[in-house]
Amino acid sequence: MLSLRTNLLVLTACLMSACASVLQGDSQSVQVTTYCGPNAIPASCIASNTKGSWPFYSPAQIVVHKDLHSLSIRCKSPYFAESWIHAPSSPSPMLAGNLILGGVVGAGVDLAGGAGFSYNPVVNIFHPSCR
C-alpha cells in the first residue's frame, strides 16, 4: 500500500502537469504597430501561425494562439510596400517548471498545444522608406 506522502506526491505531479496550459492558456495578446520612420501609420495586416490566422488593422492589440512556430505578420499600406516579419516564439518559464515538477507528460502537453511558448507582447514593424 502506498504511503500518504507518496499519494500526495503523485497527486501534486498530476495537478502540476500541463502547468502552462492551465495557468497561462493557449492564447496571448500581442500589440502590433507599423511605423513609417518615427510615426505610427495605419496598415492592413494578417498575423498567422500553424494554429490560425488573424486579420487586423495596425496599430492593434490582437489575440493569437500560442505556437512552437514563429508568428508571421504581413502588412500593407498606401505608405509602404507589402512586407513580412516573423516574430519568433520563445519557451515560457512555465515550460521549464512543468518539466521539473510535472514531468515529461505535462511538458509534452504544453509543447504539443503550444502553451509552453509565447511571443513578444509588443511587435513594432519599422519601414525606413515610405511613400
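# Exercises on a predicted fold

The largest nonpolar core has 20 residues, and those touching the most other members are Val32, Phe56, Ile62, Leu71 and Ile73. Keep in mind that this is a predicted model. Let's work through it.

**Exercise 1.** Find which elements give two or more residues to this core.

*Solution.* Start at the N-terminal end of the list: β1 (27-36), β3 (43-49), β4 (52-58) and β5 (60-65) are among the elements that do so. Then carry on to β6 (71-77), β7 (80-87) and β10 (122-127), which complete the list.

**Exercise 2.** Pick Ile73 and work out which residues it touches, leaving out those up to four places away in sequence.

*Solution.* Go along the chain. Ile73 touches Val32, then Cys45, Ile46 and Ala47, and then Phe56. Further on, Ile73 also meets Ser83, Trp84 and Ile85, and finally Val123 and Ile125. Two of these partners, Val32 and Phe56, are also listed with Ile73 among the residues that touch the most other core members.

**Exercise 3.** How many disulfides are there, and which cysteines pair up?

*Solution.* The count is 2 disulfides. Take Cys36 and Cys130: they are joined, with an S to S distance of 1.8 Å, which fits the cut-off of within 2.5 Å. Cys36 sits in strand β1 and Cys130 in the segment after β10, so this bond ties together parts 94 residues apart in sequence. Now the other pair: Cys45 and Cys75 have their sulfur atoms 2.1 Å apart. Cys45 belongs to strand β3 and Cys75 to strand β6, so distant parts of the chain, 30 residues apart, get linked. Number the bonded cysteines in sequence order and you get the pairing 1-4, 2-3.

**Exercise 4.** Decide whether each bonded cysteine is buried, partly exposed or exposed.

*Solution.* Buried means under 20% relative accessible area. Cys36 comes in at 17%, so it is buried. Cys130 has 28% relative accessibility, so it counts as partly exposed. As for Cys45 and Cys75, both are buried.

**Exercise 5.** What is the handedness of the Cys45 and Cys75 disulfide?

*Solution.* Look at the torsion about the S-S bond: it is about 110 degrees, so this disulfide is right-handed.

**Exercise 6.** Track down the aromatic pair and say how its rings are arranged.

*Solution.* The count is 1 aromatic pair. Tyr35 and Phe126 form it, with 4.8 Å centre to centre and 15 degrees between the planes. Planes under 30 degrees apart count as stacked, so this pair is stacked. Tyr35 lies in strand β1 and Phe126 in strand β10, so the pair ties together parts 91 residues apart in sequence. Phe126 itself counts as exposed, at 54% relative accessibility.

Conventions. Residues numbered from 1 in each chain as written. Predicted model: local features only at pLDDT ≥ 70, side-chain atom pairs only at ≥ 80, totals over all residues. Heavy atoms only, no water. Core = buried A, V, L, I, M, F, W, Y, C linked by side-chain atoms within 4.5 Å. Buried < 20%, exposed > 50% of the residue type's maximum accessible area, 1.4 Å probe, protein only. Helix = DSSP H or I, 4+ residues; strand = E, 2+ residues; numbered from the N terminus. Contact = heavy atoms within 4.5 Å. Phe/Tyr/Trp six-rings, centres within 6.5 Å; stacked < 30°, edge-to-face > 60°.
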